[in-house]
Amino acid sequence: MSRTVPFFVALLAALLVAPGCTTIQQLAALRQVQFDLDRVSNGLVAGVDLDRIARGGDLGPADLARLGTAAARGEVPLRFTLHVGAENPADNPAAAQLVSLDWTLFLDGTETVSGVYNDDRLVPPGGVADLPIEMELDLVRFFGRNVGDLTTLVRNLAGADTRRQTVRLEARPTVSTPVGPIRYPGTISIDFPVGGAGR
């Protein structure tokens with residue numbers, strides 16, 4: 001079972017042992033990194049291609065039939081890649097070495113699934129890193145079997161509906177330091193509005 005070192009204890013240790021305050025610079029660099037949700041790609045809902053709908057298509061009779069059949073069966077699988085952008089400002093004096101990102105996904109205010117993105121990313125000053133996070137969840141589990149509600153959610157995720165909804169990621173990065181990995185002291189909330197077509 002892994003142990004998480006309390007942030008301020010680790011910070012004190014870093015102050016005592018890190019030559020040239022390198023660790024403190026890395027932690028300060030992480031605080032300056034700006035996170036946002038860039039886009040959603042490779043989206044599939046019960047076999048319906050969200051990318052096709054996002055390119056100007058719409059849910060046709062065959063798509064609605066798939067959603068209805070899946071909802072009646074009690075399982076509407078949603079799979080997509082959520083791209084998180086990490087931007088290190090050009091005036092930040094140090095690079096940020098991201099080790100991992102703990103995350104929880106919210107769709108339209110509803111907490112859904114959680115996970116950990118494990119892939120080192122060095123973000124130099126003035127640089128931007130793309131963190132592609134694979135998401136998979138069952139919409140029925142969180143939103144019920146109402147086909148109308150599910151259809152609206154699907155069209156919103158594709159950016160094709162007039163009702164605006166929000167994809168939100170609650171995230172907590174971990175940075176690499178000379179004294180080991182240290183988690184960010186708080187949770188970052190990253191919002192990404194979807195839908196609202198024509199507004």
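This report describes the overall make-up of a predicted protein model, one pair of packed helices and several individual residues.

Because the model is predicted, local features need pLDDT of at least 70 and side-chain atom pairs count only at pLDDT 80 or more, whereas totals for chains, interfaces and linings use all residues. Residues are numbered from 1 along each chain as its sequence is written, and side-chain values use heavy atoms, with hydrogens and water left out.

**The chain as a whole**

The protein chain holds six helices and nine strands, where helices (H or I, at least four residues) and strands (E, at least two) are DSSP runs numbered from the N terminus. Of its 199 residues, 44% are buried, a word that stands for under 20% relative accessible area, with exposed meaning over 50% and partly exposed in between (1.4 Å probe, protein chains only). Among contacts (heavy atoms within 4.5 Å) between residues at least 6 apart in sequence, 71% join residues at least 24 apart.

**Helices H4 and H6**

Helix H4 (residues 61–73) packs against helix H6 (residues 147–157) at an angle of about 125 degrees, and their axes are 10 Å apart; these axes are lines fitted to C-alpha atoms over the stretch in contact, and angles run from 0 to 180 degrees between N-to-C directions. The two helices are therefore oblique to each other, since angles under 35 degrees count as roughly parallel, over 145 as roughly antiparallel, 65 to 115 as roughly perpendicular and the rest as oblique. On the H4 side the contact is made by Leu 64, Leu 67, Gly 68 and Ala 71, which meet Val 147, Leu 150, Thr 151 and Val 154 in H6. These residues divide into six nonpolar, two polar and no charged, with Ala, Val, Leu, Ile, Met, Phe, Trp, Tyr, Cys and Pro counted as nonpolar, Asp, Glu, Lys and Arg as charged, and the others, Gly among them, as polar.

**Individual residues**

Ser 100 is placed in strand S4 (residues 96–107) and counts as buried because its relative accessibility is 10%. Leaving aside residues up to four places away in sequence, Ser 100 touches Val 116, Tyr 117, Asn 118, Arg 172, Pro 173 and Thr 174.

Thr 177, in the loop between strand S7 (165–175) and strand S8 (182–183), is likewise buried, at 8% relative accessibility. Its C-alpha atom is separated by 9.8 Å from that of Leu 98, 79 residues apart along the chain.

Asn 42 is exposed, with a relative accessible area of 51%. The table lists two residues other than glycine with a positive phi.

| Residue | Location | Phi |
|---|---|---|
| Asn 42 | strand S1 (residues 34–45) | near 55 degrees |
| Ala 46 | loop between S1 and strand S2 (48–49) | near 50 degrees |
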